[in-house]
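Open the model in your viewer and keep the sequence panel beside it. The tour below gives a selection at each stop and says what is there.

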Amino acid sequence: MQYGKFITFEGIDGAGKSTHLAWLERFLQEKGLEVLVTREPGGTVLGEALRALLLDQRRTMHAETEALLMFAARREHLDKVILPALERGAWVISDRFTDASFAYQGGGRGMALEKLEQLEHWVQEGFSPDLTLYFDVPVEVSRERLQSARAADRFERELDDFFERVRQAYLQRARQFPQRIRVIDGSSSLEKVKAAVTEIVEKFWSTQFDRDGKE
Ligand code: TMP
């Protein structure tokens with residue numbers, strides 16, 4: 001039995017990743033794969049409880065507390081959901097993963113990247129996504145989209161300069177890992193974004209499988 005692949009979606013809040021995530025799920029299902037869609041923080045019972053604490057806008061916490069809770073949720077997520085699914089051959093799509101910790105806790109909150117790297121190493125032991133789709137949008141665009149959405153959570157209430165730092169940290173990660181992280185211009189039309197996602201996914205697909213559809 002072949003291992004499944006792990007694909008993550010990233011972007012600042014309001015970058016529009018959810019629409020494309022649903023599309024990718026269908027695309028892979030139509031290829032006959034078992035697909036598991038999950039999210040971070042969350043994805044397990046304990047992880048979802050941690051998510052509620054982390055997103056609750058009435059709460060304040062130290063940046064390192066925030067990072068530790070993100071990685072605690074991630075440890076659980078890997079152990080209970082992600083790794084077992086990959087081991088049975090399923091493809092896993094996660095709405096956010098560790099790049100978000102580098103972007104939000106590192107870029108946004110200013111936490112030392114070395115500490116985040118230590119947590120990453122401790123929790124993941126070298127494990128990382130096979131492919132990451134990063135939806136890049138200017139902060140003004142994300143702001144406009146968020147205004148029409150539901151009530152803002154603890155992160156969405158942050159000011160524009162926080163999101164600018166998050167965005168720059170994502171772009172820095174993309175420069176650091178150009179093979180894994182593909183940058184998509186999320187501010188163009190839905191059709192154009194979908195075409196960009198399709199091209200990346202088709203290419204990734206063809207690198208995994210030969211023309212007969214076998215690995
Ligand atoms: P979302 O799932 O609705 O995008 O919300 C999750 C929020 O949590 C989002 O604002 C980004 C933030 N986040 C971090 O700050 N660090 C992390 O490691 C993860 C996974 C998410």
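Contact here means heavy atoms within 4.5 Å. The model is a predicted one.

**Stop 1: Asp 153**

Select Asp 153, in the loop between helix H6 (139-147) and H7. What does Asp 153 contact, once its neighbours within four places in sequence are left aside? The partners are Leu 55 and Gln 57. Asp 153 is buried because its relative accessible area is 12%, under the 20% cut-off. Now add Phe 155: its backbone nitrogen lies 2.9 Å from a polar atom of the Asp 153 side chain.

**Stop 2: helix H2**

From Leu 55, extend the selection to helix H2, residues 45-55. Leu 55 is one of its buried residues, together with Gly 47, Leu 50, Arg 51 and Leu 54. These buried residues span an arc of only 120° around the axis, which means that they sit on the same side of H2. An α-helix has 3.6 residues a turn, so residues three or four places apart point the same way. Show strand E2 (35-39) and helix H3 (63-87), which are among the elements that cover the buried residues of H2. Then turn the view to the face directed away from the buried side, where the exposed residues Val 45 and Ala 52 are found.

Going back along the chain, select Pro 41 in the loop between E2 and H2. The peptide bond that joins Glu 40 to Pro 41 is cis, with omega about -10°. Most peptide bonds are trans.

**Stop 3: the ligand**

Select the ligand and the residues around it. How many residues surround the ligand? There are 15, and the closest are Asp 13, Arg 96, Ser 101, Tyr 104 and Gln 105. Three distances can be checked here:

- Arg 51, from the buried side of H2, has a polar side-chain atom 3.1 Å from a ligand oxygen.
- Arg 96 has a side-chain N or O atom 2.8 Å from an oxygen atom of the ligand.
- Gln 105 has a polar side-chain atom 2.8 Å from a nitrogen atom of the ligand.

On its own the ligand has 480 Å² of accessible area, and the protein covers 95% of it.

**Stop 4: Arg 96**

Stay on Arg 96, in the loop between strand E3 (91-95) and helix H4 (98-108). Its relative accessibility is 11%, so Arg 96 counts as buried. Arg 96 is not a glycine, yet has a positive phi of about 85°. Most residues other than glycine have a negative phi.

For a second positive phi, select Glu 125, where the angle is about 45°. Glu 125 is in the loop between helix H5 (113-124) and strand E4 (131-136). Is Glu 125 buried or exposed? Its relative accessible area is 66%, so Glu 125 is exposed.

**Stop 5: Tyr 104 and the nonpolar cores**

Return to Tyr 104. Leaving aside neighbours within four places in sequence, its contacts include Asp 13 and Arg 96, as well as Phe 155, Phe 162, Phe 163, Val 166 and Tyr 170. Tyr 104 also belongs to the largest nonpolar core, which has 42 residues. Within that core, Leu 24, Leu 28, Tyr 104 and Leu 133 touch the most other members. Which helix gives the most to this core? Helix H7 (residues 160-176) does, with 7 residues. Another core, of 17 residues, lies apart from this one; Phe 6, Ala 67, Phe 97 and Leu 119 are among its members.

**Stop 6: Glu 10**

Select Glu 10, in strand E1 (residues 6-11). At 1% relative accessibility, Glu 10 counts as buried. Its side chain makes a polar contact of 2.6 Å with the side chain of Tyr 170. Not counting residues up to four places away in sequence, Glu 10 also touches others, including Lys 17, Arg 96, Phe 97, Thr 132 and Leu 133. For a distance across the model, mark Ala 63: its C-alpha atom is 20 Å from that of Glu 10, and the two are 53 residues apart along the chain.

**Stop 7: Gln 179**

Finish at Gln 179, in the loop between H7 and strand E5 (181-185). With a relative accessible area of 74%, Gln 179 is exposed. Its C-alpha atom is separated by 9.3 Å from that of Asp 130, which is 49 residues away along the chain.

Note on methods
Residues numbered from 1 in each chain as written. Predicted model: local features only at pLDDT ≥ 70, side-chain atom pairs only at ≥ 80, totals over all residues. Heavy atoms only, no water. Buried < 20%, exposed > 50% of the residue type's maximum accessible area, 1.4 Å probe, protein only. Helix = DSSP H or I, 4+ residues; strand = E, 2+ residues; numbered from the N terminus. Arc of directions from axis to C-beta. Near = heavy atom within 4 Å. Polar contact = N/O pair within 3.5 Å; in protein donor to acceptor, adjacent residues only side chain to side chain. Areas by Shrake-Rupley, 256 points an atom, 1.4 Å probe, with all protein chains shown as cover. Core = buried A, V, L, I, M, F, W, Y, C linked by side-chain atoms within 4.5 Å.
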